[in-house]
Each structure stands twice: as C-alpha cells, then as structure tokens.
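These are my notes from looking through one structure. I went entry by entry and wrote down what I looked up.

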Amino acid sequence: MSSETPATAPAPPAPPDAARTLWRRPNFLRFWGGEAGAQLGSELGFLAMPVLAIVLLGADEVEVGLLGAAGTLAFLVVGLPAGAWIDRARKRPIMMRANAVRVVAFAAVPLLWWAGVLEVWHLILFAVVVGVATVFFDIAYQSYIPVLVPRERIADANGKLESTAQLAGVGGPALGGLLLTIVQAPVLLAATAATYLGSFIMLATVRDDEVARPKEDRRPLRVEIAEGLRFVFGNRLLRAITLCTASTNFFATIGLTMLPLLVLRDLGLGPEIFGIATAVGAIGGIVGAIVAARLSALIGEGTIIPVAALLGVVGLIPIVLMPLLPAAAIPLLILGQALSAIAVLVYNIAQVSFRQRICPLPLLGRMNASIRFVVWGVMPIAGVLSGVLAAQLGIATTLQIALVGMLLGSGFVVLSPLLRMRRLPESADEHAASGA
C-alpha cells in the first residue's frame, strides 16, 4: 500500500465560488492535465519495462528483482535529504527538472534498442536515474497541493488526481497491451518520454505565489531532516500509518515483483493479455476513487484506513492462487488487481489527505520525505529479496510469504486508535489535544 519546504506562502484567499470548486482554478486544471498525461505514459512504461526485460532480453528472477529494486532505490538513498532540499526551494521548478530527466532517460532506452546494444544492465541503470528524478518529483508533488489549492479543497484535489491516475491505470495497460500486438516494447517507452515532456510543458504554464525560504532561515541539513522525522514518529496516528504502509509495501513488493515473470514466462500469457487483464483489474481503482469519500463518511475517516489495509491483504489472495490454479490465471489476476486497486486508492486518499492537512506548510516536504523514505525505502530491499526467494523457493512460495507478511503489517493500523475514529484531527494541535 503506497504512498512524504521552502517556507511557502499559502495560496491567496480564493473568491467564494472558486473556493467551492476546483473547476474554476485554472492553475490546478493545468497541473492536473499535465499529470493525467504523465500518468498514462507512466502506465505504458510500467508495462513495457518488464516485457522488454523478460521477453526481449531474457531476464531471470534475480535480474527482474534488481530491476524492480532499482526503481525505488533512490527513496532509500536520497529520500530524506531530498525533503529538506525541497523545503528550501520552490517546488514547481523541481518537478519540471525531474520531468526533464525522465524524458531523457526514457528516450534513451529505445535509442539503444534500435542501435542493437541494449542490455538488462542498461535498464537497471536507467531505472535508478528515473527513480532519483521520481523521488524529487513525488515529494514536491505531494507538498505542492496545499500551495496550489485552499486547505478545504485538499481532499477534493487528491481525489481528482487519484481518479485520473486510476483512469490511466485502466487506459494505459489496455492501450499498451493492444499496441504490443503491433509494435515492440521500446516504442512504448518512447511514448512515455513524450508524456513526461507534455507534463513539463503544462507545469511551465502554472502560476503560484510560492516563495523560497530565505537563506538566513535555513538550519543545518541534519537538523531539518530530524525535524521531519520527529513530526512523523512523534505523532501516534502518523506513526501507525507509516509503519503499516512500510511493512505492507515491503511484503507486497516481495510478491508482486515476480508477477510479470509468473504471467509472461511461467504461465505463458502474452504481453497483450497481461496488459488487458491489468487494465480490467485497474477499474477497481476508479471504483475506489469514486467511493473513497462516501466510505469515509459512512464508516469514519479513521476507520477506513485499517479497513482498506485489510482489503489490500484480501486482494493478494487471488494472485497467490494463480500458480496453483493456472487454468484460472486470467480471472484471478483481474480480481486480485481490482481488489488491490480499490484498497490502495481508498487507503491513500484517506491517509495522504490527513497528512497534508495536519502538517504545517513549512514542514510538508520533510514530512512527506520522511514517510517516503520509510515506506518506499524498504522496496529496493524487498525487490532484491524477491529475486533471491523466487530463485531459491519458487514464485508460488514467495507469493505466500508476501501474503502472510502483509497480514501482519496491517496490524499497525488495525490495532491503533484509527479503527475507532470516525473523525480525524484537522491539525497537529487538535491531535495533541485529543490524546489520540
């Protein structure tokens, strides 16, 4: 389950009509449009990369594990200082630079392929480069929403962004699966580069009032990093959410890193089937985005978080059954991905919105970086471990280990006060006063 400032100037007070709807905020709409295109390209790349590695370059379990680890290694290596750096600078230029790096990296892969020199280690190297850019983009992105929209519209903005991400999750794999019947995987990576270029251009048109923190207000980097960590782990609810997300991410990565190898090699399904099944399953994400607010109101803002964590565990069960019931592999893949997508969307909308509204603006980058360092930093370790376990024990056993681990990890929120909280605090002060 995934999902972290320069001193920033809050967004100026919006006129009443604009405060009620994000449709009248052109800067948010341009930002949203650029992200929608980039999300579609990201899904194309997510499908194309393992197909390229496994089908065209013959990658084995260990190489697939290393490729999976490479994409998230940067969160472990530079995740914490990135948050402090982002808190010192304006976030929109950081996101633009990150997109420029991703354009170059994704464009380089098809060029090497067409030159006939591409190897698996090239993919691992490019995944590391893209991962570093993604660290800076994602931390700045999650810290930018409260700058771009009024505080009362944060959950609405997150819901819209997550909805388009899930639409891309449906359209991207389906489109990619169909395209793979007529073109090869490197072409999809060229398309991914083009979508990041589009996002760069849209970000260039966005205007905001954010200002960088004055140099005289900056403290030593280690002091600012420690401040972000103390905020996260000193808050009981944030601590429970962070530990749950980290542990479930760790075990989900152990299992799901091997999913493309299971589908494309062991079960012999074609890339187009993999893409279309993934797209149908991703419809669950759209459902999750639509029902997240209603479920939160129905069962409680806090309660929805452990409920969604448990649903994520349930979503892995059909995936675990795939190597045991190969004749039913496609419906099991669809069901597992649909349940998982619902769980992830509901969980992320609830917990990210809570994090953004409870954290003071000058601390947002470090808070987000601290959480990302923990919850994504475990993933490269899990990716490498996944390859080793699959090579030694087999993919079926690796998936079973992942399922048990995710169940145990969900206990951090199931056994926390969140399970009984219908309403979450609106600020750190309110949280402290509640004694939660």
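Which residues is I305 in contact with, leaving aside its neighbours within four places in sequence? I noted I241, Y347, A350, Q351, V413, L418 and L424. I should add at the start that the model is predicted.

**Entry: the core**

I looked up the largest nonpolar core and found that it has 123 residues. I305 belongs to the residues with the most contacts inside this core, together with F31 and M322. I then asked which element gives the largest share of this core, and it is α6, with 15 residues.

**Entry: salt bridges**

I counted next. The structure holds eight salt bridges. Side chains of opposite charge can pair when their charged atoms come close. I wrote down three pairs and one network.

The first pair in my notes is D138 with R372, where the closest N and O atoms are 3.1 Å apart. D138 lies in helix α6 and R372 in helix α15 (residues 364-393), so this salt bridge ties together parts that are 234 residues apart in sequence. Buried or exposed? I checked each partner against the cut-off, which is under 20% relative accessible area for buried. D138 has 14% relative accessibility and therefore counts as buried. R372 counts as buried too, because its relative accessibility is 6%.

The next pair is R366 with E227, whose side chains meet at 2.7 Å, N to O. R366 is in helix α15 and E227 in helix α9, 139 residues apart, and the pair links distant parts of the chain. Here I got two classes. R366 is buried, because its relative accessibility is 3%. E227 has 25% and so counts as partly exposed.

I also looked at D208 and R92, which meet in a salt bridge at 3.7 Å, N to O. D208 sits in the loop between α8 (185-205) and α9 (221-233), while R92 is in helix α5, 116 residues apart. I noted D208 as buried, and R92 as well.

Last under this heading, I found E61, R265 and D266 linked in a network of salt bridges.

**Entry: T72**

I placed T72 in helix α3 (residues 61-77). T72 counts as buried because its relative accessibility is 8%. Which residues does T72 touch, not counting those up to four places away in sequence? I wrote down W376, M379 and P380.

**Entry: the largest pocket**

Rolling a probe the size of a water molecule over the atoms shows where empty space is left. I looked up the largest pocket, and its volume is about 480 Å³. Its lining has 23 residues, and A155, D156, I349, S353 and R357 lie nearest the centre. Two or more lining residues come from each of α7 (154-179), α12 (271-299) and α14 (329-358). The largest share, six residues, comes from α14. I sorted the lining by class and got 12 nonpolar, four polar and seven charged residues.

**Entry: the second largest cavity**

I noted a volume of about 30 Å³ for the second largest cavity. What lines this cavity? The residues are M49, A105, F106, V109, F126, A127 and V130. At least two of the lining residues come from α5 (91-114), and at least two from α6 (120-148). By class I recorded seven nonpolar, no polar and no charged residues in this lining.

Conventions. Residues are numbered from 1 along each chain as its sequence is written. This is a predicted model: local features need pLDDT of at least 70, side-chain atom pairs count only at pLDDT 80 or more; totals for chains, interfaces and linings use all residues. Side-chain values use heavy atoms; hydrogens and water are left out. On a 1 Å grid over the protein atoms alone, a cavity is a set of points where a 1.4 Å probe fits but cannot get out, and a pocket is an open set with protein on both sides within 12 Å along at least five of seven lines; lining residues have an atom within 4 Å of a point. Grid points are joined across faces, edges and corners, and a volume is the space filled by probe spheres set on the points. Helices (H or I, at least four residues) and strands (E, at least two) are DSSP runs, numbered from the N terminus. Ala, Val, Leu, Ile, Met, Phe, Trp, Tyr, Cys and Pro count as nonpolar, Asp, Glu, Lys and Arg as charged, and the others, Gly among them, as polar. Buried means under 20% relative accessible area, exposed over 50%, partly exposed in between (1.4 Å probe, protein chains only). Contact means heavy atoms within 4.5 Å. A nonpolar core is a set of buried Ala, Val, Leu, Ile, Met, Phe, Trp, Tyr and Cys residues joined through side-chain atoms within 4.5 Å. A salt bridge is a side-chain nitrogen of Lys or Arg within 4 Å of a carboxyl oxygen of Asp or Glu.
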